[in-house]
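Here are my notes on the structure, set out as numbered points. Please read them with the model open.

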Amino acid sequence: ARRGGRIGVDLETVSKRHPGFAAEWFTEGEQNRFGSDDRLMTTAWACKESVLKVLGVGMAIHPRDIEVLNLKQGGAEVFLHNEAGRIFADLGGGNLEFEIVSTEERVLVMARLAA
């Protein structure tokens, strides 16, 4: 819980995923940026899941509406397309921040949206 904003958290186990997973859930750009690296792909997926949660929609919108542009030390940069962008705007927009913590086996992503 957080006062004065919204939060979404996702925890994923780093694993090799079927190529169809990337084709179904990631944009072509994301597949080019992260598709050959299991850790990056898992981290990008956790970012998408955390944004879906911070928006309060779960899987009601397609995860491709959240495009992970960049994964940087401890954070991420995303672009919200289509329905995700509209919901974000309806929530007042603002600063969407990420905190990424990873171990050898797991990735934890927390997305925060200021009120």
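1. Helix 3 is largely enclosed by the rest of the structure, because 14 of its 18 residues are buried. Please keep in mind throughout that this is a predicted model. The length of helix 3 raises no query: at 1.5 Å a residue, its 18 residues should span 26 Å, and the end C-alpha atoms are 26 Å apart, which agrees.

2. Both ends of helix 3 deserve a look. At its start, the backbone nitrogen of Arg39 has a side-chain oxygen of Asp37 within 2.9 Å. After the helix comes Gly56, with a positive phi near 80 degrees.

3. How many salt bridges does a search of the whole structure find? The search finds eight. The next points take up three of these pairs, and two of the three involve helix 3: Lys53 belongs to that helix, as does Lys48.

4. One salt bridge joins Asp10 and Lys53, with 3.0 Å between the closest N and O atoms. The pair links distant parts of the chain, Asp10 being in strand 1 and Lys53 in helix 3 (residues 38–55), 43 residues apart. The two partners differ in exposure: Asp10 has a relative accessibility of 7% and so counts as buried, whereas Lys53 is partly exposed at 39%. The side chains of Asp10 and Lys53 are also joined by a polar contact of 3.0 Å.

5. Which residues does Asp10 touch, not counting those up to four places away in sequence? They are Ala46, Glu49, Ser50, Lys53, Val107, Leu108 and Val109. Of these, Lys53 is the salt-bridge partner already described, and Leu108 appears again in the surface patch discussed below.

6. The side chains of Lys48 and Glu30 form another salt bridge, at 3.0 Å from N to O. Here too distant parts of the chain are linked: Lys48 sits in helix 3 and Glu30 in helix 2 (residues 28–34), 18 residues apart. Are these two charged residues buried or exposed? Lys48 counts as buried because its relative accessibility is 0%, and Glu30 is buried for the same reason, at 0%. The cut-off for buried is under 20% relative accessible area.

7. The third pair is Arg112 and Glu99, a salt bridge whose closest N and O atoms are 3.3 Å apart. Arg112 lies in strand 5 (residues 106–114) and Glu99 in strand 4 (residues 96–102), so the salt bridge ties together parts that are 13 residues apart in sequence. Arg112 counts as buried, with 16% relative accessibility, while Glu99 is partly exposed at 38%. The pair does not stand alone: Glu97, Glu99 and Arg112 are linked in a network of salt bridges.

8. The surface carries a nonpolar patch of about 380 Å², made by Ile7, Val9, Leu11, Val101 and Leu108. Which element gives the most to the nonpolar patch? Strand 1 (residues 5–13) does, with three residues. Leu11 is placed in that strand and is exposed, with a relative accessible area of 52%. Strand 1 thus offers a contrast, because Leu11 is exposed at 52% while Asp10, also in strand 1, is buried at 7%.

9. Gly75 is in strand 3 (residues 75–80). Its relative accessibility is 5%, so Gly75 counts as buried. Leaving aside neighbours within four places in sequence, Gly75 is in contact with Asn70, Phe98 and Ile100. The C-alpha atoms of Gly75 and Cys47 are 9.3 Å apart, with their positions 28 residues apart in sequence.

10. Please check the backbone at Asn82. Its phi is near 45 degrees, which is a positive value in a residue other than glycine. Asn82 is located in helix 4 (residues 82–90). With a relative accessibility of 52%, Asn82 counts as exposed.

Note on methods: Residues are numbered from 1 along each chain as its sequence is written. This is a predicted model: local features need pLDDT of at least 70, side-chain atom pairs count only at pLDDT 80 or more; totals for chains, interfaces and linings use all residues. Side-chain values use heavy atoms; hydrogens and water are left out. Patches are made of residues with over 30% relative accessible area and no salt bridge: like charges are joined within 9 Å, nonpolar side chains (Val, Leu, Ile, Met, Phe, Trp, Tyr) within 5 Å. Accessible areas come from the Shrake-Rupley method with a 1.4 Å probe; for residues, only the protein chains shown count as cover. A salt bridge is a side-chain nitrogen of Lys or Arg within 4 Å of a carboxyl oxygen of Asp or Glu. Helices (H or I, at least four residues) and strands (E, at least two) are DSSP runs, numbered from the N terminus. Buried means under 20% relative accessible area, exposed over 50%, partly exposed in between (1.4 Å probe, protein chains only). Contact means heavy atoms within 4.5 Å. The expected span of a helix is 1.5 Å times one less than its number of residues. A polar contact is a pair of N or O atoms within 3.5 Å; within protein, one must be able to donate a hydrogen and the other to accept it, and residues adjacent in sequence count only if both atoms are side-chain atoms.
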